[in-house]
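Reader: I've got a model to look over and would like to go through it piece by piece. Could you walk me through it?

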Amino acid sequence: VSPEPLRGRSARIEDFVGLRSAELRRKLAVGLALGVVVVAAVATVVAWKLYVDAKARDLSDLRGRTVAVGALLQQSFSGDVKTLQAVSVAPAVVKGNDRAVHRYLARAFPKTSTFSAGVGWIGRDGHVRASSVSPTPRIDLLRRLYVRRVLATGKPFITGGLVGLRRHDEILVVAVPTFDARKRVTGLLAGGIVLKARPESRRAVDLGFGSLEVIDRNGRMLLTGLGRVSNRQLLDVMRRRGSGTATGVDGLDGSGDHVVVWSTVPQPRWLIAIDRPTGSVFGAARRALELQLGSIVAALLILFALGLLLLRRTGRQSAGDDTRRDAWTRLTRRLGSAATPPEVAEVLLTTLADAFPDGIAVVGIASGDRLRASARSRTSRLGRATADAARLDAIVRVAARGPKTWPIAREPDLVVLRGAGGRLQALHGLPIREGSALLGTLALVTRAPALDQRDWALLESFADLGAQALQRAWRFAREHDLAVRLQRSLLPGALPELDGLELDAHYLAGAVAVEVGGDWYDAVRRPDGIVQICVGDVSGRGIGAATVMGTQRSTFRAYAYECDSPAAIVQRMVRHLEEDSQMITVAAVGIDPYTAELTYTRAGHPPPLLLDLTTGRVDRLDGAGAPPLGVAEAGEIVEERVRLPDRAVLAMYTDGLIERRGLNIDDSIDVFAAVLESSDPDAAELVSAVAERLGEPDDDVALLVVAFDADRTRFEVELPAEPAVLAGLRRRLRSWLSRRGFDDEEASEVMLAVSEACNNAVEHAYDGAQGVLRVSAEVQSGRLEVVVEDRGRWRETKPSPDRGRGMLLIRRLMDSAEFHSDQGGTRAILRKRVPSRRLRGQERLAAPARG
Amino acid sequence: VGDGFRVDLLRRRDCLIASVVGEIDLETAPALVEAVESGLARGSDRTARVVIDLAEVEFLDSSGLNALVGLEKLLAGDGVELRLVSPADRVVRQVFEITQLTETLRVAASLDEALG
């Protein structure tokens, strides 16, 4: 199966997501529901119709039975009548010979004959003249209606149910008139039929069909002991209509919900009725209905199950669509935050592995002229199958020739994958291209031999998105690198180094931004030993900010040499600011390591922190505040001076270090203070320690830390050789000496000697030209050594008492004094033991290892 | 001139009293000489004695001494006597002792003594 790549255009989301499948699924569900309802309705209607028909059939069957029974009865009675009529024309009857009739009757109607109650010949007076039973009973029957009726009408008559006079049986009587030769009615022949006496008769009439009733003219039920019909109302209806059916009515005995079917026997006008509870009549129909309804329900259930199955299948298909769409969405989102090519590769790899969990995702990224490959699989067994550089190389090389699917078994270049485990069958690969440039490859190794068309479309879209992201990442990497290098070039290459005052700075470029930031720092160690430090932040980014920053930095450097006061320097920076310049925040500090004085000024900048290493106390240098440059007037820039503790750490930083979205700046500064107090004064480590506590900084960060140790300072100043500098020099040297075991007076003596040495240099060395005076001092092995140098020419002058006094003072005040002169200048070395009472303390500080 | 260096001039009869506060070094020494000279020039009467009060001098080196010696010679030529009031600072006093100028320059213990 060969894939059909979307040549000549980019993959669209419709290619790998069947957008209509959801709609289809909805329609399917609606159709299914509709179908079920229609089938259910039709089946129910049909079943109901069948039920009604069955009921009608049952009823007509019942009616048929009543009619049949009626006919049977009619026939039976007419047979009886005929039998009696045949007897009535017998000569004995016509002649009126009682005895002969008696014999005849007895012979013709044995007990077993139809007339089980016997047959009698009744005369006109109502007396029985002869009978089939012997002896003929002497009873008068004139009261009987049937007797009178037959005598009156001369026609046959069938009675309803009667109670026999002789035996009190339940009987009915069939009577026919008898005539004499002249056709005059002489009496009647009456045959009695015992109803009870012939239990089989009931069966004979009901044809094995229960609940048959024969109701006589008097409303007596002949088959059930002549009981009267208690439901007179029903009886009336039955009589009125002759025949019919009534459903859901009270039965003959008045009990509820019966079906009554009846017809009339014209002679002797009896009603044949079947009266049964409805349930027993329609039971079969109902059972049939129930069966049918059951079948319908079963059929519906099967239909429903089939529908669900179908829905599930389309659901699975749309779930596949969802997976693909999710993968695509995840990829676009993750690629948005992938800045570097390796990050893009990682995102592609992860997302691809997620999208095809039962395959191996392989991504190759062009690096130089080869492809760097990495593989990932959510199935760990498969993951191992590609944990091999040779296999990965083969995969990415083959994939670069795609888009195509290669069967692993038949592709010579994929030999290394055979037997790699996991029964791998196919490699689906395609290049990530931008124009003709190969940026990388994308590959999927699967156990299935082919890939769904939509999955292919997804792969294509991955390659497209990957190409865009890789391009962006390469460009970003180049630009970021450029920005970082530009930034570095704008920051000082090296910080001043001097004993007892160690500076360390760290600059962290914001990871996200490509453009150069506007943070900077700088430090200047002036010849006079004063260190001027500045940390600043130009708002905005890019070349504009960098230019402003460059200008400000050089302004600072220029004036740092000229001005002692940080405020004066910053005031000049204000003046050098162009109209409508960006805002700049800046903090400037001047440190005199010999007097241990710190002077600072701030313009819109967070306060520098000063840690006293002896006490662990951290002070915020939050005085001397002014608005940012660009807003502040020069006159608003002020400064404050604090004493520097003997051992201290000063930290100056830009707000990127402590500013985090959602965090209070004040709290963040406290966090930084805590970090500063517990860490070494290493700028890079401090930055990462703060990032650990507060999170990675959003913005650029500049941090400059100064570690001060008064004991380790070496006095070293270079001043213009002018009388004006001497007072300041003495003041600073005195302050420095005061921390070296010299009390006021002793320091004064040293200063007097040093002053004399300086006088020589200032007065004589340069002969009025501008020169340099260098004074350095240090204490070693309990001895103070002060060196005063100039670079002027030593001029042999005639000894004068003036000059003599200076030399005299030097020699008297110091332990020793040497003077060296050559072409390069003069060098006076003055030495004096540190007063012994404080020597021990000094030595212990100087060399703690000796204990 | 010089941080905290000051010369206060006071005339009492034929005495010019110059009270020096601060440090006398290469930079301020000429100023001291100038101050005394201007004091002398301003006076209408003749000045018989100049008293330089060094009590509040914190520093004095050879350039200061040279200035004082030069001033003494200059004044002596005009017949004006120079007297000094001893510095309170021990090291400053020491400068005079080491250079043995207490012989040349008349150093009084107090202003009253110098005026007396």
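What follows is a run of short questions and answers on this model.

Reader: Before the details, what kind of model is this and how are things numbered?

Author: Residues are numbered from 1 along each chain as its sequence is written, and chains are lettered from A and ligands numbered from 1 in the order in which they are written. Side-chain values use heavy atoms, with hydrogens and water left out, local features need pLDDT of at least 70, side-chain atom pairs count only at pLDDT 80 or more, totals for chains, interfaces and linings use all residues, and the model is predicted.

Reader: How many helices and strands does chain A come to?

Author: Helices (H or I, at least four residues) and strands (E, at least two) are DSSP runs, numbered from the N terminus. By that count chain A has 20 helices and 33 strands.

Reader: And what share of chain A is buried?

Author: Buried means under 20% relative accessible area, exposed means over 50%, and partly exposed is in between (1.4 Å probe, protein chains only). Of the 851 residues in chain A, the buried share is 49%.

Reader: How much area do chain A and chain B bury between them?

Author: Buried area is the accessible area (1.4 Å probe) that two parts lose on being put together, summed over both. Contact means heavy atoms within 4.5 Å, and here it takes 22 residues from chain A and 19 residues from chain B. Of the area they bury, 60% is on carbon and sulfur atoms, and the total is about 1,800 Å².

Reader: Which three residues of chain A supply the most of the area it buries against chain B?

Author: One trio supplies 30% of the area that chain A buries against chain B, more than any other three residues: Arg730(A), Leu752(A) and Arg805(A).

Reader: What is the salt-bridge partner of Arg730(A)?

Author: A salt bridge is a side-chain nitrogen of Lys or Arg within 4 Å of a carboxyl oxygen of Asp or Glu. The rule finds four of them across the interface of chain A and chain B. For Arg730(A) the closest N and O atoms are 2.5 Å apart, and the partner is Glu23(B).

Reader: Which element gives the most to the side of chain A that touches chain B?

Author: Three elements give two or more residues to that side: helices H17 (726-738), H18 (744-765) and H19 (801-813) of chain A. The one that gives the most, with 10 residues, is H18(A).

Reader: Which residues are linked in a salt-bridge network with Arg90(B)?

Author: Start with the pair Arg90(B) and Glu749(A), whose side chains meet at 3.4 Å, N to O. That pair crosses between chains, from helix H3 (residues 90-99) of chain B to helix H18 of chain A. Arg90(B) counts as partly exposed because its relative accessibility is 36%, while Glu749(A), at 12%, counts as buried. The residues networked with Arg90(B) are Glu745(A), Glu749(A) and Lys832(A).

Reader: How far apart in sequence are the parts tied together by Asp592(A) and Arg732(A)?

Author: These two form a salt bridge, with the closest N and O atoms 2.7 Å apart. Asp592(A) is buried, since its relative accessibility is 6%, and Arg732(A) is buried too, at 7%. Asp592(A) sits in strand S21 of chain A and Arg732(A) in helix H17 of chain A, so the parts they tie together are apart in sequence by 140 residues.

Reader: Does helix H13 of chain A span more or less than, or what you'd expect from, its residues: what is its end-to-end distance?

Author: The expected span of a helix is 1.5 Å times one less than its number of residues. For the 21 residues of H13(A) (residues 542-562) that should be 30 Å, which agrees with the distance between its end C-alpha atoms, 31 Å.

Reader: Is Thr186(A) buried or exposed, and what does its side chain pair with?

Author: Thr186(A) lies in strand S5 (residues 185-194) of chain A. Its relative accessibility is 14%, so Thr186(A) counts as buried. A polar contact is a pair of N or O atoms within 3.5 Å; within protein, one must be able to donate a hydrogen and the other to accept it, and residues adjacent in sequence count only if both atoms are side-chain atoms. At 2.7 Å, the side chain of Thr186(A) makes such a contact with the side chain of Thr178(A).
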